4 protein chains.
Amino acid sequence: MQYGMYFLEQVTPYEALYRRMNKVLAAGRTKFQDYFIFQTGAFGKVLVLDKDVQSTERDEYIYHETLVHPAMLAHPSPRTVFIVGGGEGATLREVLRHPSVEKAVMCDIDGELVEMARTLLPEWHQGAFDDPRAQIVTEDARGWLANHPDTYDVIIVDLNDPIGEDNPARLLFTVEFYELIKERLNPGGLMAMQAGMILLTHHKMHPVVHNTVKQVFRHTRSYHNYIPGFMLNFGFIVASDAVDITGLSEGTLEARILERQLPLKHLDAPYIEAMFVLPKDLKEAIAAETMVSRDAAPFWLTDEGDARQSQA
Amino acid sequence: MQYGMYFLEQVTPYEALYRRMNKVLAAGRTKFQDYFIFQTGAFGKVLVLDKDVQSTERDEYIYHETLVHPAMLAHPSPRTVFIVGGGEGATLREVLRHPSVEKAVMCDIDGELVEMARTLLPEWHQGAFDDPRAQIVTEDARGWLANHPDTYDVIIVDLNDPIGEDNPARLLFTVEFYELIKERLNPGGLMAMQAGMILLTHHKMHPVVHNTVKQVFRHTRSYHNYIPGFMLNFGFIVASDAVDITGLSEGTLEARILERQLPLKHLDAPYIEAMFVLPKDLKEAIAAETMVSRDAAPFWLTDEGDARQSQA
Amino acid sequence: MQYGMYFLEQVTPYEALYRRMNKVLAAGRTKFQDYFIFQTGAFGKVLVLDKDVQSTERDEYIYHETLVHPAMLAHPSPRTVFIVGGGEGATLREVLRHPSVEKAVMCDIDGELVEMARTLLPEWHQGAFDDPRAQIVTEDARGWLANHPDTYDVIIVDLNDPIGEDNPARLLFTVEFYELIKERLNPGGLMAMQAGMILLTHHKMHPVVHNTVKQVFRHTRSYHNYIPGFMLNFGFIVASDAVDITGLSEGTLEARILERQLPLKHLDAPYIEAMFVLPKDLKEAIAAETMVSRDAAPFWLTDEGDARQSQA
Amino acid sequence: MQYGMYFLEQVTPYEALYRRMNKVLAAGRTKFQDYFIFQTGAFGKVLVLDKDVQSTERDEYIYHETLVHPAMLAHPSPRTVFIVGGGEGATLREVLRHPSVEKAVMCDIDGELVEMARTLLPEWHQGAFDDPRAQIVTEDARGWLANHPDTYDVIIVDLNDPIGEDNPARLLFTVEFYELIKERLNPGGLMAMQAGMILLTHHKMHPVVHNTVKQVFRHTRSYHNYIPGFMLNFGFIVASDAVDITGLSEGTLEARILERQLPLKHLDAPYIEAMFVLPKDLKEAIAAETMVSRDAAPFWLTDEGDARQSQA
């Protein structure tokens with residue numbers, strides 16, 4: 001390590017990552033969270049919210065393709081999409097690549113962050129905020145969904161993990177919230193979500209979220225991918241009452257990718273299928289999980305990645 | 001980060017990882033390399049050689065199952081195995097789990113390291129060094145293979161990446177070395193190898209190694225897996241003139257796992273298949289690679305992960 | 001920073017020091033504190049207790065000469081000495097260099113630390129523990145002094161700062177403790193003590209300790225010196241009812257150094273005098289201090305170096 | 001250490017300091033050097049040039065009072081002053097506090113740095129750049145002095161240490177440069193200079209510089225002070241053919257401070273005298289030094305603080 005500026009990120013309570021910053025583009029605090037945007041040598045621009053890297057210029061396509069396209073491709077013709085979180089606009093950008101989409105509502109509580117992304121992170125949104133099909137709402141997503149009876153073909157949940165007993169995001173990881181999402185899905189609709197890092201099998205985030213979602217949806221499917229900018233393997237979930245995504249043939253996926261002319265850089269049909277195949281230890285950890293997160297006792301994560309439940 | 005002892009590892013020239021050490025079990029230098037063995041909070045014991053973490057107590061099973069079993073399972077009945085490197089004994093341990101194995105020769109140049117592993121890393125070798133089928137050689141593997149005409153059903157190459165222009169391991173990543181390996185394979189034999197981290201597609205290790213191996217073997221197949229203790233996605237290769245591992249049916253793999261009563265914790269037949277499915281960007285990087293590493297101009301890696309060739 | 005092992009010390013809440021460890025000689029926890037002994041490139045062996053470097057092989061002579069000799073030289077013929085703390089034996093070593101000393105009692109609560117110093121830190125004690133004039137007591141110094149009515153010519157207090165509201169050392173920095181020390185001094189006796197780092201004038205340790213000692217002794221004199229191994233300027237105090245050390249002439253100090261044949265490496269008479277001359281801002285901070293630490297409300301330091309008082 | 005932004009400074013090759021940055025005000029490279037200006041919790045704004053902290057808002061008064069006032073007070077009525085380096089303007093500010101000063105020429109090669117200081121570091125210059133008595137020159141100081149025959153009552157040299165064999169500052173630490181300075185001093189004139197960190201006695205910067213200056217001036221006096229923002233004890237030198245500063249009485253210093261109504265925060269007459277009293281080991285190291293830096297073989301420092309000589 002040469003003299004200079006670094007960003008310190010605590011990956012686990014025992015492992016910390018120093019990222020060299022060539023230039024600091026922004027650093028401060030919105031009403032909701034700390035933010036840092038800086039330039040690095042290997043990953044380009046990096047966006048950090050509170051203590052975690054959210055995405056990097058060089059590899060954000062991997063994260064956002066992984067989050068968005070499996071669910072969107074599992075739907076024969078998604079017209080309306082709702083995004084929970086996703087403030088920097090790249091999830092929205094990938095959603096809008098599906099030509100059948102007529103309306104995409106992105107609901108992020110942090111309006112300041114959205115404004116900052118608009119000016120400082122054009123590589124992420126690439127103009128998506130200005131697409132006439134996009135609607136940007138800066139409110140609490142659960143409250144907004146509760147108050148707006150509109151329904152959607154796909155709902156994408158792009159939230160940070162609920163680390164810490166006081167984490168306000170805890171109520172966005174409960175059975176009740178997933179039930180609300182299910183109510184807001186059209187027949188044939190699907191939910192996709194980021195579902196926690198998969199570091200060692202004692203990291204409980206993914207098993208607990210999977211088990212909670214499974215209480216609500218008939219088909220709950222986990223998948224995973226390595227996100228270079230996080231230096232971590234991440235879990236994702238697609239859930240639906242109508243569609244079992246793992247039942248789709250490779251040919252169907254392939255055909256839809258072609259039909260929709262999706263400019264995919266990381267995914268193709270075989271790789272999408274492969275992401276849904278989990279290693280044995282992770283499958284066993286999911287199968288063994290008994291915790292269910294509910295509004296009365298939402299779960300939260302310790303710094304060690306263990307799951308606890310207590311009254312909100 | 002609390003006060004205390006840490007190990008600093010430079011993951012890239014721009015990103016560095018600090019691992020908290022609860023206890024330092026050994027630190028020093030053999031004739032060939034620096035070594036550090038320490039106890040950590042999340043990963044148990046950690047073994048570092050020179051600047052890179054080699055494996056950790058908590059997740060070494062992931063690395064070693066991934067390296068060993070695909071090739072071993074692709075062979076109907078492996079009786080003889082040769083291991084290049086693998087000093088701590090866990091590769092040997094996994095090899096010996098296949099009941100058909102009659103002889104396993106492990107050849108690591110660093111005898112001091114092997115001795116240290118014997119006493120300090122019993123969780124790795126689990127007695128494998130004392131298995132009557134095992135033979136431990138402490139010599140340069142290329143020299144030894146050149147001088148000993150014995151042939152094997154499976155040869156497993158477990159080496160560190162050739163980082164730096166003066167890296168002595170450069171001659172273990174050339175066409176000529178792979179040709180020597182091929183000569184030492186029995187009909188129907190396979191080679192398996194660790195083949196570099198896959199961080200961003202400009203990390204050239206994996207594409208160059210794949211392209212070099214491909215000059216020698218009819219079937220060269222890349223696969224990948226996330227290794228938690230490295231915080232990195234790693235590439236591996238199985239190569240053979242006789243067998244295309246991706247042509248094996250899931251049923252065959254499944255049957256062999258059962259038959260051999262392998263106590264796998266991370267792998268099962270579907271996951272082995274899925275590891276061979278690569279993301280689109282990586283496939284393209286491999287396909288586009290033109291560099292071939294030869295004794296006359298062996299390749300080496302810059303700290304940035306770029307590949308260079310120069311006279312050895 | 002190259003790859004390898006480091007010790008992280010939080011110098012302030014905002015500044016942290018990484019010291020490269022070539023070798024870890026010991027690390028663990030006694031009944032009372034964490035300890036680390038390691039080898040470094042510039043400072044030789046380093047001893048850390050809890051979160052702070054205590055002393056280093058290369059520069060411990062600076063710290064121990066500074067702590068011990070001014071008070072010892074201010075006494076015409078010190079025969080009996082009591083040391084509060086000082087577990088590694090170097091304070092004792094310097095005390096025993098004064099040929100008039102007949103008895104030196106060292107009282108450190110941490111017997112395990114003393115044993116470890118005996119075997120691992122010979123450069124510190126240099127055999128002092130085995131001097132027939134030395135008596136080693138492993139008890140709480142305040143309790144021991146209260147129960148033993150013996151009196152001394154010099155009492156030396158070598159303690160860590162009372163950082164944190166729960167710090168058990170708080171009762172070793174109060175008016176009542178200094179009164180007990182005064183009762184245990186012979187007529188003409190002096191107390192010397194380590195009295196906190198002097199980083200910026202808002203670091204209150206030194207002013208508060210000075211002001212507390214001043215409530216008890218007629219002559220309370222602060223002095224300071226730079227301790228390289230700490231990378232900090234440290235404060236010390238000599239206090240006495242009988243002797244004002246700043247009244248001693250340079251000639252007297254010089255004569256006593258010669259007479260006693262002290263093998264001083266860092267101090268001589270002019271430098272001893274100069275250490276008692278404080279910069280203007282520090283003198284003003286001491287003069288302005290009003291806090292007095294008492295058993296009923298002993299003071300403690302925040303991590304920022306601010307002083308608080310609360311019930312013990 | 002909490003997550004967030006840090007500045008890494010290598011204090012020695014074995015010890016590194018991380019300073020938490022609350023905000024980065026500027027970072028980049030002028031034609032001559034890297035620069036970083038950031039806000040910290042304990043020291044306020046910090047200015048770093050290349051790899052070393054230059055000064056901090058909270059303690060720069062200590063450094064600049066120490067550098068400027070001893071020499072200025074040793075002159076009965078300094079009218080003209082030349083400053084070598086000193087780009088942020090605080091040396092100039094302290095110089096201009098002496099009411100007899102009619103002209104102060106500050107010569108710093110880095111005009112971009114001076115411009116940046118003007119807007120970003122008002123706490124340092126406090127308007128000194130706009131004082132009608134100040135003249136700012138952005139040229140190489142040695143070249144400028146060689147080409148301009150004007151002479152001065154005091155010349156102040158405020159340069160970074162010549163670390164590294166290629167350091168362009170090497171020719172500003174030679175006998176020939178000090179001879180040029182002497183030629184540019186009026187009768188009765190003095191030179192003052194920053195003269196290197198004093199960490200352990202094997203750090204050769206101060207002894208070598210002292211020995212080199214001594215070849216040129218009749219009276220060469222070293223003094224030292226602790227600079228909190230550096231976490232280091234620093235050496236300084238006052239040299240003159242006419243005046244031996246250590247011969248000045250405390251009364252004279254006191255009277256001049258009063259007469260000139262200097263608003264000193266850290267220095268007063270007794271402390272100025274005390275700074276010139278060196279510890280025994282440092283005096284011995286200076287006395288034992290034999291290296292002399294000359295244009296034909298200017299000295300430079302290794303990272304370890306050792307001194308070498310080679311052709312420029």
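UniProt positions are given here in the numbering of this model, feature names are shortened, and annotations may be inferred rather than shown by experiment. The model itself is predicted.

With that in mind, begin by selecting residues 4-241 of chain A, the stretch that the UniProt record, an unreviewed entry, annotates as "domain: PABS". If you colour this selection by secondary structure, you will find that the chain is 26% helix and 39% strand over these residues, and that the C-alpha atoms at the two ends lie 52 Å apart.

Next, show both chains together. Two copies of a chain are related by a rotation about an axis and a shift along it. Here, a turn of 180° with a shift of 0.0 Å along the axis lays chain A on chain B with an RMSD of 0.0 Å, which is therefore the relation of a two-fold axis. If you then select the interface residues of chain A, 100% of them are also interface residues in chain B, so the copies meet through the same surface.

Now move to chain B and select helix 7, residues 205-214, along with helix 10, residues 280-288, whose axes come within 8 Å and cross at roughly 50°. Because angles from 35 to 65 degrees fall outside the parallel and perpendicular ranges, helix 7 and helix 10 of chain B are oblique to each other, and helix 7 of chain B passes helix 10 of chain B in a right-handed crossing. To see the contact, display the side chains of B:His206, B:Pro207 and B:His210 on helix 7 of chain B, and of B:Leu282, B:Ala285 and B:Ile286 on helix 10 of chain B. Among the residues of this contact, four are nonpolar, two are polar and none is charged.

Conventions. Residues are numbered from 1 along each chain as its sequence is written. Chains are lettered from A and ligands numbered from 1 in the order in which they are written. This is a predicted model: local features need pLDDT of at least 70, side-chain atom pairs count only at pLDDT 80 or more; totals for chains, interfaces and linings use all residues. Side-chain values use heavy atoms; hydrogens and water are left out. Axes are lines fitted to C-alpha atoms, for helices over the stretch in contact, and angles run from 0 to 180 degrees between N-to-C directions. Helices (H or I, at least four residues) and strands (E, at least two) are DSSP runs, numbered from the N terminus. Angles under 35 degrees count as roughly parallel, over 145 as roughly antiparallel, 65 to 115 as roughly perpendicular and the rest as oblique. A crossing is left-handed if the near helix is turned anticlockwise from the far one by less than a right angle, and right-handed if clockwise. Contact means heavy atoms within 4.5 Å. Ala, Val, Leu, Ile, Met, Phe, Trp, Tyr, Cys and Pro count as nonpolar, Asp, Glu, Lys and Arg as charged, and the others, Gly among them, as polar. Copies are superposed by least squares on the C-alpha atoms of residues with pLDDT of at least 70 in both.
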